[in-house]
Amino acid sequence: MRFTLPPVLTPLPSSFYERSTLALAQALLGQLLVHETPEGRMVGKIVETEAYIGPYDKAAHSYNDRRTKRTEVMYGPAGVSYIYLIYGMYECLNVTASQEGKPHAILIRALEPIEGLALMQKNRPKARTLTALTSGPGRLTQALGITRELNGHELRRPPLYLAQGTHTPLPQHQIARGPRIGIHYAQEARHFPWRFWIKDHPFVSKVKHEPREPLR
DNA sequence: CCAAAGATCGTCT
DNA sequence: GACGATCTTTGGA
């Protein structure tokens with residue numbers, strides 16, 4: 001580890017979430033996701049996000065006001081976890097956004113591991129490279145041990161919360177944006193540039209990178 | 001009740 | 001680049 005985090009991290013306040021969904025998707029870049037478990041604390045820096053803006057976004061679970069048991073937390077206040085199972089196998093973590101009644105959410109797509117690397121590896125024995133540990137929405141939840149049990153959790157207290165990153169907010173020139181991943185079915189919405197990532201960051205998912213160091 | 005599809009990932013060719 | 005794993009959610013009969 002290149003640097004050490006303080007033993008106590010302070011959760012971001014609720015005011016952090018009070019901004020437009022697209023602004024929040026960018027503000028989340030560089031912030032820390034913290035999961036405290038009996039086995040230890042794991043911390044990752046958020047490097048990639050995607051916004052889902054319910055009512056008029058065909059890629060969103062809440063499109064066309066599809067209010068169901070699953071999407072219920074999207075309709076609540078901002079700063080709450082929305083965690084669902086995808087493809088019968090992987091959990092995806094979102095942060096709810098916008099005001100109550102507006103079903104917006106931001107998918108966390110990739111992290112850079114900051115603390116608890118050994119525990120993450122234990123949680124994800126299939127990862128053969130360092131980036132395969134947390135680069136992808138299904139990968140990062142597995143690495144940090146985040147499951148649907150934490151759905152609906154307010155992300156301002158243990159065991160799962162967000163904390164301020166060291167160089168945030170990031171300067172605009174370090175932020176890239178483009179179409180979202182894996183939503184080919186969403187017709188016109190698949191072109192919306194609602195995916196954000198830290199430019200040239202090696203942990204961003206689904207892009208060509210330099211060859212990886214093997215992870216033993 | 002049943003069928004279909006999915007905000008993914010690892011493995012194999 | 002293709003394919004299968006795996007199971008919940010959803011919508012329609």
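Q: How many helices and strands does chain A have?
A: This is a predicted model. From the N terminus on, the elements of chain A run α-β-β-β-β-β-α-α-β-β-β-β. Counted by type, that's three helices and nine strands.

Q: What is the radius of gyration of chain A, set against the globule rule?
A: For 216 residues the globule rule gives 17 Å, and chain A comes out close to that, so it is as compact as a globular protein of that length. Along the principal axes, the C-alpha atoms fill a box of roughly 45 × 35 × 35 Å. The radius of gyration itself is 16 Å.

Q: Which percentage of the residues of chain A count as buried?
A: The accessible surface of chain A comes to about 11,100 Å², and carbon and sulfur atoms hold 53% of that. As for burial, the cut-off is under 20% relative accessible area. Of the 216 residues, the share that counts as buried is 51%.

Q: Is R41 buried or exposed?
A: R41 lies in strand β2, residues 40-53. Its relative accessible area is 16%, and the cut-off for burial is under 20%. That makes R41 buried.

Q: Which residues have a backbone oxygen in reach of the R41 side chain?
A: Leaving out residues up to four places away in sequence, R41 touches a run of others, including L5, V8, H35 and E115. The R41 side chain gets to one backbone oxygen at 2.9 Å, that of P6. A polar atom of the same side chain lies 3.0 Å from another backbone oxygen, that of P7.

Q: Which residues come nearest to DNA strand B?
A: There are 21 residues around DNA strand B. By class, they split into ten nonpolar, six polar and five charged. The ones that come nearest are H61, N94, R124, R139 and Y185.

Q: What share of the atoms of DNA strand B within 4 Å of the protein is sugar and phosphate?
A: Some phosphate contacts are easy to pick out: the side chain of H61 has an N or O atom 2.6 Å from a phosphate oxygen, and for R124 the distance is 2.5 Å. P137 takes part through its backbone, with an N or O atom 3.2 Å from a phosphate oxygen. Overall, the sugar and phosphate share is 59%.

Q: Which element gives the largest share of the surface near DNA strand B?
A: Four elements give two or more residues each: β3 (81-86), β4 (90-97), β5 (104-115) and α3 (137-144). The largest share is three residues, and it comes from α3.

Definitions and conventions: Residues numbered from 1 in each chain as written. Chains lettered and ligands numbered in written order. Predicted model: local features only at pLDDT ≥ 70, side-chain atom pairs only at ≥ 80, totals over all residues. Heavy atoms only, no water. Near = heavy atom within 4 Å. Polar contact = N/O pair within 3.5 Å; in protein donor to acceptor, adjacent residues only side chain to side chain. Nonpolar A, V, L, I, M, F, W, Y, C, P; charged D, E, K, R; others polar. Rg over C-alpha atoms; globule rule 2.2 N^0.38 Å. Buried < 20%, exposed > 50% of the residue type's maximum accessible area, 1.4 Å probe, protein only. Areas by Shrake-Rupley, 256 points an atom, 1.4 Å probe, with all protein chains shown as cover. Contact = heavy atoms within 4.5 Å.
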